[in-house]
Amino acid sequence: MSEMPEVPVIGWTEPAGAEPGAARSARWHSESGMPAPKRVVVADDRLKADKAYRLVCEGTALLWRGDYQGARQLLKALGRRLDRLAPKPGSTPAETFHRHRQSRGHRARVLGMLLVVLEEDHALDLRRAPDVRQACAEAYGPPQGRTAVSLRELLGVIGAHEWRKKGVEMPAAGGRIHPHYGVFSPIRGEYVDLVATAPLPAPARLGDGTAFDLGTGTGVLAAVLAHRGVGRVVATDSSPRALVCARDNVERLGLADRVEVVDGGALYPQGRAALVVCNPPWLPARPTSAVEQGVYDPDSAMLKAFLAGLAEHLEPWGEGWLIISDLAEHLGLRGRQELLDAFDAAGLRVVDRHDAKPRHPRASDPGDPLHTARAAEVTSLWRLAPAD
């Protein structure tokens, strides 16, 4: 029998006051895989931002015991100091992108050094702290003892809880989509609109065909296909969180009789379909957190797997729909010819292509380090079919 992995723990010493010098500890949890800090000191509202910044940059984590709103203000103050270190543009778009990612990674590590402790029931025992128990249960599961997390991560958990409660209005899916923590939210509506308007292959259009939605995430595209009249949709994902999220959304929308959500460890389910839809992560880079898995696809692995298996999983006269942005091309991470060569290598031909310009705020923000690439970005739905 294999041994259970050792749970990381952080330790600290209580300052002057009740039980001064007493040793304390808590489980360590980080969704991004950040290692447990080796040095931890207790901090509160008396700590000045400049000293806090020096400590965290030196690798000392701050375990917050002061006012909750004070901790949020300190986090913002640390962020402003980090913003002064914004990298200069590189000599190429790719170099600019990599410098930007390195800077964001450094920022995340430094800001991740401001910690809070969740109590035995996931409660946050700080002055003016909100009730975070439900949000933490949704993100982390049942409590497993006192646990230290970064405040930055906890704010993300709280924000995800609010998104999950109110959902995102998606008329093309027949209602609201409720994203769960760690599952990419469908806030970029252009790719949803493309799937909602592209002409369906005949069997799917008549309602007697099957469609596959690979890497379904929230289940939004599976819901769109079912809402358009596709008789049966099989949605796959390899993320346990995404599977729970997609099933929840399918149930909410009353589509459980037409949409089946299954574990997609091998990407494709068994059998063939009249339509196979895939919206892989758009950038060929390594994700550093669960949420980034919806954006970054190391070495374009999911894209390549989709293309390689498409022909053998299509019914006669069926189509595969690849929904992908050309942002990687504008950043110099992947060329258009590389994508077209991948189609050829998989024995596929292009039936048609439908394009949409992004509508998200960063596309029109000249202050964004990647503005030039984002302003030129186009999201496309490539309709593919076997070449023979």
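Start by selecting helix H2 (residues 68-83) together with helix H3 (residues 93-111) in this predicted model, and look at how the two pass each other: the crossing of H2 and H3 is right-handed. Their axes come within 10 Å and cross at roughly 150 degrees. Because an angle over 145 degrees counts as roughly antiparallel, H2 and H3 are described as roughly antiparallel to each other. To see where they touch, show the side chains of Leu75, Leu78, Gly79, Leu82 and Asp83 on H2, and those of His106, Arg107, Val110 and Leu111 on H3, since these are the residues that make the contact. Colour them by class, and you will find five nonpolar, two polar and two charged residues.

Keep H2 on the screen and add helix H1 (residues 49-57), whose axis comes within 10 Å of the axis of H2 and crosses it at roughly 70 degrees. That angle makes H1 roughly perpendicular to H2, and the crossing of this pair is right-handed. On the H1 side, select Ala49, Asp50, Ala52, Tyr53 and Val56, and on the H2 side select Leu74, Ala77, Leu78, Arg81 and Leu82, which are the residues that meet here. The residues of this contact divide into eight nonpolar, no polar and two charged.

Next, select helix H6 (residues 189-197) and helix H8 (residues 220-227). The axes of H6 and H8 come within 9 Å and cross at roughly 25 degrees, which makes H6 roughly parallel to H8. The crossing of H6 and H8 is, once again in this tour, right-handed. Show Tyr191, Val192, Val195 and Ala196 of H6 with Val220, Leu221, Val224 and Leu225 of H8, the residues that make this contact; by class, eight are nonpolar, and none is polar or charged.

Stay with H6 for a moment and ask which of its residues are buried. They are Gly189, Glu190, Tyr191, Val192, Leu194 and Val195, and, if you now display their surroundings, you will see that they pack against strand E7 (168-170), H8, E13, E14 and E15.

From here, follow the nonpolar side chains inward. The largest nonpolar core has 58 residues, and those with the most contacts inside it are Leu225, Val259, Val276, Phe306, Trp321, Leu322 and Leu384. Helix H8 gives the most to this core, with seven residues. Centre the view on Leu225 and, leaving aside residues up to four places away in sequence, look for what it touches: Val195, Leu200, Ala211, Val230, Val233, Leu275, Val277 and Trp321. Apart from this core lies another, of 47 residues, and you can locate it by selecting some of its members, including Trp28, Val56, Val117 and Leu154.

Now select helix H10 (residues 301-310), where the buried residues are Met302, Leu303, Phe306, Leu307, Gly309 and Leu310. What covers these buried residues? The covering elements include strand E9 (210-214), strand E12 (273-278), strand E13 (314-325), helix H12 (336-345), strand E14 (348-356) and strand E15 (379-386).

The last stops are single residues, beginning with Trp163, which lies in helix H5 (residues 151-166). Trp163 is partly exposed, with a relative accessible area of 36%, and, not counting residues up to four places away in sequence, it touches Val168, Pro179 and Ile187. Add His180 to the selection as well: the C-alpha atoms of Trp163 and His180, which are 17 residues apart along the chain, are separated by 7.8 Å.

Then compare two residues with regard to their backbone. Most residues other than glycine have a negative phi. Select His122, in the loop between strand E5 (114-118) and helix H4 (133-140), and check its phi, which is near 75 degrees and therefore a positive value in a residue other than glycine. Is His122 buried or exposed? At 7% relative accessibility, His122 counts as buried.

Finish at Trp317, which lies in strand E13 and has a positive phi of about 65 degrees although it is not a glycine. Trp317 is exposed, with a relative accessible area of 78%, whereas His122 counts as buried.

Methods. Residues are numbered from 1 along each chain as its sequence is written. This is a predicted model: local features need pLDDT of at least 70, side-chain atom pairs count only at pLDDT 80 or more; totals for chains, interfaces and linings use all residues. Side-chain values use heavy atoms; hydrogens and water are left out. Axes are lines fitted to C-alpha atoms, for helices over the stretch in contact, and angles run from 0 to 180 degrees between N-to-C directions. Helices (H or I, at least four residues) and strands (E, at least two) are DSSP runs, numbered from the N terminus. Angles under 35 degrees count as roughly parallel, over 145 as roughly antiparallel, 65 to 115 as roughly perpendicular and the rest as oblique. A crossing is left-handed if the near helix is turned anticlockwise from the far one by less than a right angle, and right-handed if clockwise. Contact means heavy atoms within 4.5 Å. Ala, Val, Leu, Ile, Met, Phe, Trp, Tyr, Cys and Pro count as nonpolar, Asp, Glu, Lys and Arg as charged, and the others, Gly among them, as polar. A nonpolar core is a set of buried Ala, Val, Leu, Ile, Met, Phe, Trp, Tyr and Cys residues joined through side-chain atoms within 4.5 Å. Buried means under 20% relative accessible area, exposed over 50%, partly exposed in between (1.4 Å probe, protein chains only).
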